[in-house]
Amino acid sequence: MHTLDLPEPIAAYFDADRLDGPAVARCFNDDGVVLDDGHTHRGAAQIAAWKTDSDATYHATARPHTVVQDGRAHVVTCNVSGAFPGSPIDLRYTFTLARGRIASLEIAP
């Protein structure tokens, strides 16, 4: 399997992404934010619920294949497949890091 040189907090996110909502939430700072599908999720409880609901609805699997640093942001392009129209599709996961964890994540086409 091809491995990308991802910063540790981002690599931890993709490992947790295969597990569950609480595991994903632990990758974020206490005031972490996820922007996905037009919705904002703040803090551990909302991030965990977002991931749990998303898994139940879409059964999506993200496979990172490219990473580019853009200023403070790390943009990871993933091939995402699951139970949604247009699957599989490439999505951009834009991470901002702070204090050794994820401060924000925006997922967009």
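**Exercise 1.** Find the charge environment of aspartate 36, which is buried yet has no salt bridge.

*Solution.* Aspartate 36 counts as buried, where buried means under 20% relative accessible area, exposed over 50%, and partly exposed in between (1.4 Å probe, protein chains only). The nearest side chain of opposite charge belongs to lysine 51, 9.2 Å away. For charge, Lys and Arg are positive and Asp and Glu negative, while His and the chain ends are not counted. A salt bridge requires a side-chain nitrogen of Lys or Arg within 4 Å of a carboxyl oxygen of Asp or Glu.

The model is predicted: local features need pLDDT of at least 70, side-chain atom pairs count only at pLDDT 80 or more, and totals for chains, interfaces and linings use all residues. Residues are numbered from 1 along each chain as its sequence is written, and side-chain values use heavy atoms, with hydrogens and water left out.

Next, list the partners of aspartate 36. Its side chain makes a polar contact of 3.0 Å with that of tryptophan 50. (A polar contact is a pair of N or O atoms within 3.5 Å; within protein, one must be able to donate a hydrogen and the other to accept it, and residues adjacent in sequence count only if both atoms are side-chain atoms.) Apart from neighbours within four places in sequence, aspartate 36 is in contact with His41, Trp50 and Ile107, contact meaning heavy atoms within 4.5 Å.

**Exercise 2.** Place aspartate 36 in the fold by describing the sheet around strand β1.

*Solution.* Aspartate 36 is in strand β1. Helices (H or I, at least four residues) and strands (E, at least two) are DSSP runs, numbered from the N terminus. Six strands make an open, mixed sheet in the order β2-β1-β6-β5-β4-β3. Because β2 (39-42) and β3 (61-70) stand at the edges with a single partner strand each, one side of each has no neighbour in the sheet. From one strand to the next, the twist averages 20 degrees.

β1 (residues 28-36) pairs with β2 in the antiparallel sense over four bridges; two strands pair if DSSP finds at least two bridges between them. Within this pair, leucine 35 stands opposite threonine 40.

Now add the helices. Helix α3 (residues 43-58) lies across β1, β2 and β6, at about 40 degrees to β1. Helix α1 (residues 8-17) lies across β1, β3, β4 (73-81), β5 (89-98) and β6 (101-108), at about 130 degrees to β5. Axes are lines fitted to C-alpha atoms, for helices over the stretch in contact, and angles run from 0 to 180 degrees between N-to-C directions.

**Exercise 3.** How many salt bridges does the structure hold, and which residues form them?

*Solution.* There are four salt bridges; three are worked through here.

- Aspartate 17 and lysine 51 have their closest N and O atoms 2.6 Å apart. The pair links helix α1 to helix α3, 34 residues apart. Aspartate 17 is buried at 13% relative accessibility, and lysine 51 is buried at 4%.
- Arginine 99 and aspartate 31 have closest N and O atoms 3.5 Å apart. Arginine 99 is in the loop between β5 and β6 and aspartate 31 in strand β1, 68 residues apart. Both are exposed.
- Arginine 18 and aspartate 15 have closest N and O atoms 2.9 Å apart.

Shared partners join Asp17, Lys51 and Asp55 into one salt-bridge network.
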